[in-house]
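Biologist: I should be grateful for a close look at a single part of this model, the part of your choice, set against the fold as a whole. Please explain the reasoning wherever a value calls for it.

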Amino acid sequence: MQRLTNANRLNMPKLGLGTWPMLGEDCTKAVMQALELGYRHIDTAAAYDNEEAVGAALTATSVPREEIHVTTKVWWDQLEPQKLHASFERSLKALSSDYVDLFLIHWPTKDWDLPRTIKALVALKESGKAKAIGVANFPLPLLREVVEGLGAPLAALQVEFHVLLGQAKLLDYCLAHDIALTAYSPLARNKVSEVPELIAIADKHGMLPTQVALAWLLDQQGVAAVPKAAGRTNQLSNLNALNIRLDDEDRAKIAALPKDQRLVNPAFAPNWSDGE
Ligand SMILES: NC(=O)c1ccc[n+]([C@@H]2O[C@H](COP(=O)([O-])OP(=O)(O)OC[C@H]3O[C@@H](n4cnc5c(N)ncnc54)[C@H](OP(=O)(O)O)[C@@H]3O)[C@@H](O)[C@H]2O)c1
């Protein structure tokens, strides 16, 4: 599978399986099935309450652990250095692993000592237990502060990104700084299936609108995507999007879609328009 690699020790397949909001046995089954189909990148988080279920799949599968990229995340109320380390250790235990491939700060918070938190994050990378580190849901000024102000060797940024939500500025920044951009909610939670322009492109090529939406992301340099799909059919269909090439006419139609449809915007979210 196509991978994203960078100087900050990232080695991540471009397509991964999102695991939120799957829980327990359902989650274990979905992850095992995805691994059987050829997925080698699993996205979880302490806050999803499913790391143990993911860990059970990692233990039960015949796919060697070192062939699977696992991302997990620390929640925003655990960013004080000791809490961050404790959360990381709990994640390792739940995942039945002695390392994770990528460890992310899930959301920024306003109430923190940013340099101390980032130092604690970097220490995990230096220990080798987190092969790579990164952040999620950071707006551009904060990302810039962490990368340029604090010199943190971030390997990846995870943000909401799909055909209905543009991330041009963040993507430009990531490309310039050798940081991978992972698109979460890449199917806009299946809203893409109702967009007439995507349906038309899909019909033209004999594919699905969801595949068009994923192909548009995966075709872009430095971009990975983690669609969540519980069942085999959707998992396989999403995986096959890796082999789809859109043409210039398709890309122009997608470029013309509204790019301001943000779906994930909890009360604790940062000010997204910072740096616009
Ligand atoms: N860092 C963050 O703050 C953050 C925030 C949100 C999400 N995430 C991560 O990103 C992952 C994906 O995001 P998401 O779950 O919000 O949204 P998403 O992947 O855009 O959409 C998931 C929805 O689309 C459906 N679906 C998947 N493949 C399909 C297909 N081929 N055809 C039709 N429907 C399909 C799924 O249903 P079925 O399961 O029934 O297939 C599910 O209802 C999450 O699981 C999580 O790992 C991270």
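Modeller: Accessible area is computed here by the Shrake-Rupley method with a 1.4 Å probe. On that basis, the protein exposes about 11,900 Å², and carbon and sulfur atoms supply 50% of this area. The model is a predicted one, and every value below is computed from it.

The part chosen is helix H1, which covers residues 24-37. A brief account of the whole comes first. The protein contains 10 helices and 10 strands. Its C-alpha trace spans about 55 × 45 × 35 Å along the principal axes. A compact globule of 276 residues would have a radius of gyration near 19 Å, and the protein agrees with this expectation because its own value is 18 Å. Of the 276 residues, 56% count as buried. Among contacts with a separation of 6 or more, 75% join residues that are 24 or more positions apart. As for charge, the mean positions of the 28 positive and the 33 negative charges lie 2 Å apart.

Within this fold, H1 has 14 residues, and at 1.5 Å a residue it should span 20 Å; the C-alpha atoms at its ends are 20 Å apart, so the expectation is met. The approach to the helix has a feature of its own: the peptide bond joining Trp20 and Pro21 is cis, with omega at about 5°. Pro21 belongs to the loop between S3 and H1. At the other end, H1 is followed by Gly38, which has a positive phi, near 120°.

Which residues of H1 are buried? They are Cys27, Thr28, Ala30, Val31, Ala34, Leu35 and Leu37. A general property of helices helps in reading such a list: an α-helix has 3.6 residues a turn, so residues three or four places apart point the same way. The cover over the buried residues of H1 includes two strands, S3 (17-18) and S4 (41-43). Helices H2 (51-60) and H9 (232-240) are also among the elements that cover them.

Thr28, in helix H1, shows one side of this packing in detail. Its relative accessibility is 15%, and therefore it counts as buried, the cut-off being under 20%. Once neighbours within four places in sequence are set aside, Thr28 is in contact with Ala53, Ala56 and Ala57. Just ahead of H2, in the loop that leads there from S4, is Asp49. Asp49 is not a glycine, yet its phi is positive, at about 60°. This residue counts as exposed because its relative accessibility is 66%, and the exposed class begins over 50%.

The contribution of H9 can be followed through Leu239, which is found in that helix. Leu239 has a relative accessible area of 11% and is therefore buried. Apart from neighbours within four places in sequence, Leu239 is in contact with Met1, Leu15, Leu37, Gly38 and Tyr39. Leu37 is itself one of the buried residues of H1, and Gly38 is the residue that follows the helix. By contrast, Leu239 and Asp77 are 162 residues apart along the chain, and their C-alpha atoms are separated by 34 Å.

Residues outside this part offer a comparison. Ile118 lies in helix H4, and with a relative accessible area of 3% it is buried. Not counting residues up to four places away in sequence, Ile118 touches Ile105, Val146, Leu150 and Ala152. Ile118 and Val226, which are 108 residues apart in sequence, are 25 Å apart in space, C-alpha to C-alpha. Asp113 lies in the loop between strand S6 (102-105) and helix H4 (114-127). Its relative accessibility is 38%, so Asp113 counts as partly exposed. The C-alpha atoms of Asp113 and Glu80 are 7.6 Å apart, although 33 residues separate the pair in sequence.

A further positive phi, of about 70°, occurs at Asn190, which is not a glycine. Asn190 is placed in the loop between strand S9 (180-184) and helix H7 (196-205), and it counts as partly exposed because its relative accessibility is 38%.

To return to H1: the helix is preceded by a loop that holds Pro21 and followed by Gly38, while its buried residues are covered by elements including S3, S4, H2 and H9.

How values were computed: Residues numbered from 1 in each chain as written. Predicted model: local features only at pLDDT ≥ 70, side-chain atom pairs only at ≥ 80, totals over all residues. Heavy atoms only, no water. Helix = DSSP H or I, 4+ residues; strand = E, 2+ residues; numbered from the N terminus. Rg over C-alpha atoms; globule rule 2.2 N^0.38 Å. Buried < 20%, exposed > 50% of the residue type's maximum accessible area, 1.4 Å probe, protein only. Contact = heavy atoms within 4.5 Å. Lys, Arg positive; Asp, Glu negative; His and termini not counted. Charge placed at Lys NZ, Arg CZ, Asp CG, Glu CD. Expected span 1.5 Å × (residues − 1).
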